[in-house]
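Reader: I have a model open on my screen and some of the labels puzzle me. Could you walk me through how they are earned?

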Amino acid sequence: MVQEAGRWAAPRLGTMTSETVVTILCGLAILVGVAGTIIPVLPGSVLIGVSLLAWAIWGGTGTTGWVVFAVAMIFVAAGMTAGAVLTGRKLKQHAIPSRSVVVALVAAVVGMFIIPVVGLFVGFAAGLLLSEFLRTRNFSTAARSSWAALKATGLGMLAEFGLACLAASTWVIGVWIAAANG
(Lines give C-alpha, C1' and ligand atoms only; values in the text may rest on other atoms or scores of the structure.)
Protein backbone atom coordinates (compact mmCIF):
# COMPACT_ATOMS: atom_id res chain seq x y z
CA MET A 1 0.00 0.00 0.00
CA VAL A 2 1.20 3.49 -0.77
CA GLN A 3 -0.06 6.81 0.53
CA GLU A 4 -1.59 9.14 -2.08
CA ALA A 5 -3.05 12.54 -1.16
CA GLY A 6 -3.47 11.60 2.49
CA ARG A 7 -5.09 8.18 1.86
CA TRP A 8 -3.81 4.68 1.31
CA ALA A 9 -4.15 3.14 -2.13
CA ALA A 10 -2.91 0.09 -3.98
CA PRO A 11 0.27 0.75 -5.93
CA ARG A 12 -0.23 1.33 -9.65
CA LEU A 13 1.54 -1.30 -11.67
CA GLY A 14 0.99 0.43 -14.97
CA THR A 15 -1.68 -0.02 -17.52
CA MET A 16 -1.64 -2.58 -20.23
CA THR A 17 -1.99 -1.02 -23.66
CA SER A 18 -4.03 -2.51 -26.46
CA GLU A 19 -0.78 -3.13 -28.36
CA THR A 20 0.50 -5.22 -25.46
CA VAL A 21 -2.72 -7.25 -25.38
CA VAL A 22 -2.51 -7.82 -29.16
CA THR A 23 1.13 -8.89 -28.82
CA ILE A 24 0.33 -11.36 -26.03
CA LEU A 25 -2.66 -12.83 -27.88
CA CYS A 26 -0.71 -13.10 -31.13
CA GLY A 27 2.16 -14.78 -29.28
CA LEU A 28 -0.20 -17.37 -27.82
CA ALA A 29 -1.80 -17.95 -31.22
CA ILE A 30 1.61 -18.35 -32.86
CA LEU A 31 2.54 -20.88 -30.16
CA VAL A 32 -0.65 -22.85 -30.88
CA GLY A 33 0.10 -22.59 -34.61
CA VAL A 34 3.60 -24.02 -34.17
CA ALA A 35 2.16 -26.89 -32.13
CA GLY A 36 -0.49 -27.34 -34.83
CA THR A 37 2.15 -28.24 -37.40
CA ILE A 38 2.80 -31.38 -35.35
CA ILE A 39 -0.60 -31.96 -33.74
CA PRO A 40 -3.07 -32.10 -36.65
CA VAL A 41 -6.18 -31.23 -34.62
CA LEU A 42 -4.79 -27.76 -33.90
CA PRO A 43 -4.61 -25.06 -36.56
CA GLY A 44 -1.05 -24.76 -37.85
CA SER A 45 0.69 -22.52 -40.33
CA VAL A 46 -2.47 -20.67 -41.32
CA LEU A 47 -2.98 -19.57 -37.70
CA ILE A 48 0.61 -18.34 -37.59
CA GLY A 49 0.04 -16.28 -40.74
CA VAL A 50 -3.20 -14.76 -39.45
CA SER A 51 -1.53 -13.93 -36.11
CA LEU A 52 1.40 -12.27 -37.85
CA LEU A 53 -1.00 -10.18 -39.90
CA ALA A 54 -2.99 -9.17 -36.81
CA TRP A 55 0.21 -8.16 -35.03
CA ALA A 56 1.37 -6.12 -38.03
CA ILE A 57 -1.98 -4.31 -38.20
CA TRP A 58 -2.86 -3.83 -34.52
CA GLY A 59 0.42 -4.41 -32.68
CA GLY A 60 1.41 -0.76 -32.91
CA THR A 61 4.81 -1.52 -34.39
CA GLY A 62 4.56 0.33 -37.71
CA THR A 63 7.17 -0.58 -40.29
CA THR A 64 8.80 -3.16 -38.02
CA GLY A 65 5.54 -5.11 -37.87
CA TRP A 66 5.19 -5.21 -41.64
CA VAL A 67 8.81 -6.25 -42.21
CA VAL A 68 8.44 -9.02 -39.62
CA PHE A 69 5.16 -10.06 -41.25
CA ALA A 70 6.78 -10.27 -44.71
CA VAL A 71 9.86 -12.21 -43.57
CA ALA A 72 7.92 -14.60 -41.31
CA MET A 73 5.30 -15.22 -44.02
CA ILE A 74 8.08 -16.38 -46.33
CA PHE A 75 8.91 -19.03 -43.72
CA VAL A 76 5.22 -19.93 -43.26
CA ALA A 77 4.64 -20.29 -47.02
CA ALA A 78 7.86 -22.27 -47.45
CA GLY A 79 6.84 -24.59 -44.62
CA MET A 80 3.40 -25.25 -46.05
CA THR A 81 4.85 -25.84 -49.50
CA ALA A 82 7.70 -28.02 -48.28
CA GLY A 83 5.34 -30.14 -46.20
CA ALA A 84 3.03 -30.75 -49.14
CA VAL A 85 5.78 -31.29 -51.73
CA LEU A 86 7.92 -33.61 -49.60
CA THR A 87 4.95 -35.72 -48.57
CA GLY A 88 3.48 -35.85 -52.08
CA ARG A 89 6.79 -36.73 -53.71
CA LYS A 90 7.47 -39.59 -51.30
CA LEU A 91 3.93 -40.95 -51.70
CA LYS A 92 4.35 -40.97 -55.49
CA GLN A 93 7.78 -42.64 -55.21
CA HIS A 94 6.18 -45.49 -53.29
CA ALA A 95 3.10 -45.59 -55.57
CA ILE A 96 0.67 -44.99 -52.73
CA PRO A 97 -2.66 -43.86 -54.18
CA SER A 98 -4.62 -40.88 -52.90
CA ARG A 99 -7.48 -43.23 -51.99
CA SER A 100 -5.32 -44.84 -49.29
CA VAL A 101 -4.45 -41.45 -47.83
CA VAL A 102 -8.13 -40.39 -47.82
CA VAL A 103 -9.11 -43.63 -46.05
CA ALA A 104 -6.32 -42.98 -43.52
CA LEU A 105 -7.56 -39.44 -42.90
CA VAL A 106 -11.13 -40.63 -42.33
CA ALA A 107 -9.85 -43.33 -39.97
CA ALA A 108 -7.78 -40.67 -38.17
CA VAL A 109 -10.87 -38.56 -37.51
CA VAL A 110 -12.77 -41.63 -36.26
CA GLY A 111 -9.78 -42.64 -34.13
CA MET A 112 -9.65 -39.19 -32.58
CA PHE A 113 -13.12 -39.75 -31.10
CA ILE A 114 -12.56 -43.38 -30.10
CA ILE A 115 -9.12 -43.11 -28.47
CA PRO A 116 -8.44 -39.80 -26.71
CA VAL A 117 -5.08 -38.08 -27.35
CA VAL A 118 -3.41 -40.69 -29.61
CA GLY A 119 -6.47 -41.80 -31.60
CA LEU A 120 -5.69 -39.47 -34.48
CA PHE A 121 -2.29 -41.07 -35.06
CA VAL A 122 -3.45 -44.62 -34.40
CA GLY A 123 -6.47 -44.17 -36.69
CA PHE A 124 -4.33 -42.73 -39.49
CA ALA A 125 -1.82 -45.58 -39.32
CA ALA A 126 -4.51 -48.28 -39.04
CA GLY A 127 -6.59 -46.80 -41.85
CA LEU A 128 -3.57 -46.57 -44.10
CA LEU A 129 -2.52 -50.16 -43.37
CA LEU A 130 -6.05 -51.45 -43.94
CA SER A 131 -6.46 -49.54 -47.20
CA GLU A 132 -3.08 -50.71 -48.48
CA PHE A 133 -3.85 -54.31 -47.47
CA LEU A 134 -7.15 -54.21 -49.34
CA ARG A 135 -5.34 -52.75 -52.37
CA THR A 136 -2.34 -55.13 -52.44
CA ARG A 137 -3.85 -58.24 -50.76
CA ASN A 138 -0.44 -58.81 -49.17
CA PHE A 139 0.19 -57.81 -45.56
CA SER A 140 3.96 -57.48 -45.96
CA THR A 141 3.62 -55.18 -48.98
CA ALA A 142 0.88 -53.19 -47.24
CA ALA A 143 3.03 -52.77 -44.13
CA ARG A 144 6.03 -51.57 -46.20
CA SER A 145 4.00 -49.05 -48.20
CA SER A 146 2.17 -47.85 -45.06
CA TRP A 147 5.46 -47.35 -43.26
CA ALA A 148 6.79 -45.38 -46.25
CA ALA A 149 3.66 -43.20 -46.21
CA LEU A 150 3.97 -42.59 -42.47
CA LYS A 151 7.63 -41.59 -42.86
CA ALA A 152 6.70 -39.26 -45.74
CA THR A 153 3.99 -37.63 -43.64
CA GLY A 154 6.41 -37.26 -40.74
CA LEU A 155 9.06 -35.71 -42.98
CA GLY A 156 6.54 -33.17 -44.29
CA MET A 157 5.39 -32.33 -40.77
CA LEU A 158 8.99 -31.93 -39.61
CA ALA A 159 9.80 -29.53 -42.46
CA GLU A 160 6.68 -27.45 -41.76
CA PHE A 161 7.43 -27.46 -38.01
CA GLY A 162 10.99 -26.24 -38.55
CA LEU A 163 9.92 -23.40 -40.80
CA ALA A 164 7.06 -22.49 -38.43
CA CYS A 165 9.65 -22.23 -35.65
CA LEU A 166 11.70 -19.89 -37.85
CA ALA A 167 8.59 -17.76 -38.44
CA ALA A 168 7.89 -17.66 -34.69
CA SER A 169 11.52 -16.74 -33.99
CA THR A 170 11.28 -13.92 -36.53
CA TRP A 171 8.22 -12.62 -34.69
CA VAL A 172 10.00 -12.79 -31.31
CA ILE A 173 12.92 -10.81 -32.73
CA GLY A 174 10.42 -8.31 -34.14
CA VAL A 175 8.79 -7.94 -30.72
CA TRP A 176 12.19 -7.26 -29.16
CA ILE A 177 13.04 -4.67 -31.80
CA ALA A 178 9.64 -2.99 -31.42
CA ALA A 179 10.02 -2.91 -27.63
CA ALA A 180 13.53 -1.45 -27.88
CA ASN A 181 12.37 1.24 -30.30
CA GLY A 182 9.06 1.92 -28.59
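Author: Happy to; we will take the labels one by one and set each value against its cut-off. One thing to keep in mind is that this is a predicted model.

Reader: Let's begin with Ser100. Why is Ser100 called buried or exposed, whichever it is?

Author: Ser100 sits in helix α4, which covers residues 98-114. Its relative accessible area is 0%, and buried means under 20%, so Ser100 is buried.

Reader: What does Ser100 touch, if residues up to four places away in sequence are not counted?

Author: Ser100 touches Leu128, Ser131, Glu132 and Arg135.

Reader: What makes the link between the side chains of Ser100 and Ser131 a polar contact?

Author: The distance is 3.1 Å, and the limit for such a pair of N or O atoms is 3.5 Å. The pair is within that limit, so it counts as a polar contact.

Reader: Glu132 was on that list too. Which side chain does the side chain of Glu132 join in a polar contact?

Author: That of Ser145, at 2.7 Å. Ser145 is found in helix α6 and touches Ile96, Glu132 and Arg135, with residues up to four places away in sequence left out. A polar atom of the Ser145 side chain also lies 3.2 Å from the backbone oxygen of Ala142.

Reader: How do you know whether Ser145 is buried or exposed?

Author: Its relative accessibility is 10%. Buried means under 20%, so Ser145 counts as buried.

Reader: And Arg137, what is notable about its backbone?

Author: Arg137 has a positive phi of about 60° although it is not a glycine. It lies in the loop between α5 (119-136) and α6.

Reader: Why is Arg137 called buried or exposed?

Author: Arg137 has 61% relative accessibility, and exposed means over 50%, so Arg137 counts as exposed.

Reader: Now for the rings. How many aromatic pairs does the structure hold?

Author: The structure holds 3 aromatic pairs. One of them is formed by Trp55 and Trp171, with 6.0 Å centre to centre and 75° between the planes.

Reader: What makes Trp55 and Trp171 a pair, and what gives the pair its geometric label?

Author: Ring centres must lie within 6.5 Å, and these are 6.0 Å apart. Planes over 60 degrees apart count as edge-to-face, so with 75° this pair is edge-to-face. Trp55 belongs to helix α2 (residues 45-58) and Trp171 to helix α6 (residues 139-181), so the pair ties together parts that are 116 residues apart in sequence.

Reader: Are those two rings on buried or exposed residues?

Author: Trp55 is buried at 1% relative accessibility, and Trp171 is buried at 9%.

Reader: What label does the pair of Trp66 and Phe69 get?

Author: Trp66 and Phe69 are edge-to-face too, at 5.8 Å centre to centre and 85° between the planes. Both residues lie in helix α3 (residues 63-93), 3 residues apart, about one turn of the helix.

Reader: Why is Trp66 called partly exposed?

Author: Trp66 has 41% relative accessibility. Buried is under 20% and exposed is over 50%; the value falls in between, so Trp66 is partly exposed.

Reader: How do α2 and α3 pack?

Author: They pack at an angle of about 170°, with their axes 9 Å apart. Angles over 145 degrees count as roughly antiparallel, so α2 is roughly antiparallel to α3. The residues making the contact include Leu52, Leu53 and Trp55 of α2, and Trp66, Phe69 and Met73 of α3.

Reader: Which classes of residue make up the contact of α2 with α3?

Author: There are 14 nonpolar, 3 polar and no charged residues in that contact.

Reader: One last label: how do you know whether Thr170 is buried or exposed?

Author: Thr170 lies in helix α6 and has 15% relative accessibility. The cut-off for buried is under 20%, so Thr170 counts as buried. Leaving out residues up to four places away in sequence, Thr170 touches Val68, Val71, Ala72 and Phe75. The backbone oxygen of Leu166 lies 2.8 Å from a polar atom of the Thr170 side chain.

Methods:
Residues are numbered from 1 along each chain as its sequence is written. This is a predicted model: local features need pLDDT of at least 70, side-chain atom pairs count only at pLDDT 80 or more; totals for chains, interfaces and linings use all residues. Side-chain values use heavy atoms; hydrogens and water are left out. Helices (H or I, at least four residues) and strands (E, at least two) are DSSP runs, numbered from the N terminus. Buried means under 20% relative accessible area, exposed over 50%, partly exposed in between (1.4 Å probe, protein chains only). Contact means heavy atoms within 4.5 Å. A polar contact is a pair of N or O atoms within 3.5 Å; within protein, one must be able to donate a hydrogen and the other to accept it, and residues adjacent in sequence count only if both atoms are side-chain atoms. Rings of Phe, Tyr and Trp (its six-membered ring) pair if their centres lie within 6.5 Å; planes under 30 degrees apart count as stacked, over 60 as edge-to-face and the rest as tilted. Axes are lines fitted to C-alpha atoms, for helices over the stretch in contact, and angles run from 0 to 180 degrees between N-to-C directions. Angles under 35 degrees count as roughly parallel, over 145 as roughly antiparallel, 65 to 115 as roughly perpendicular and the rest as oblique. Ala, Val, Leu, Ile, Met, Phe, Trp, Tyr, Cys and Pro count as nonpolar, Asp, Glu, Lys and Arg as charged, and the others, Gly among them, as polar.
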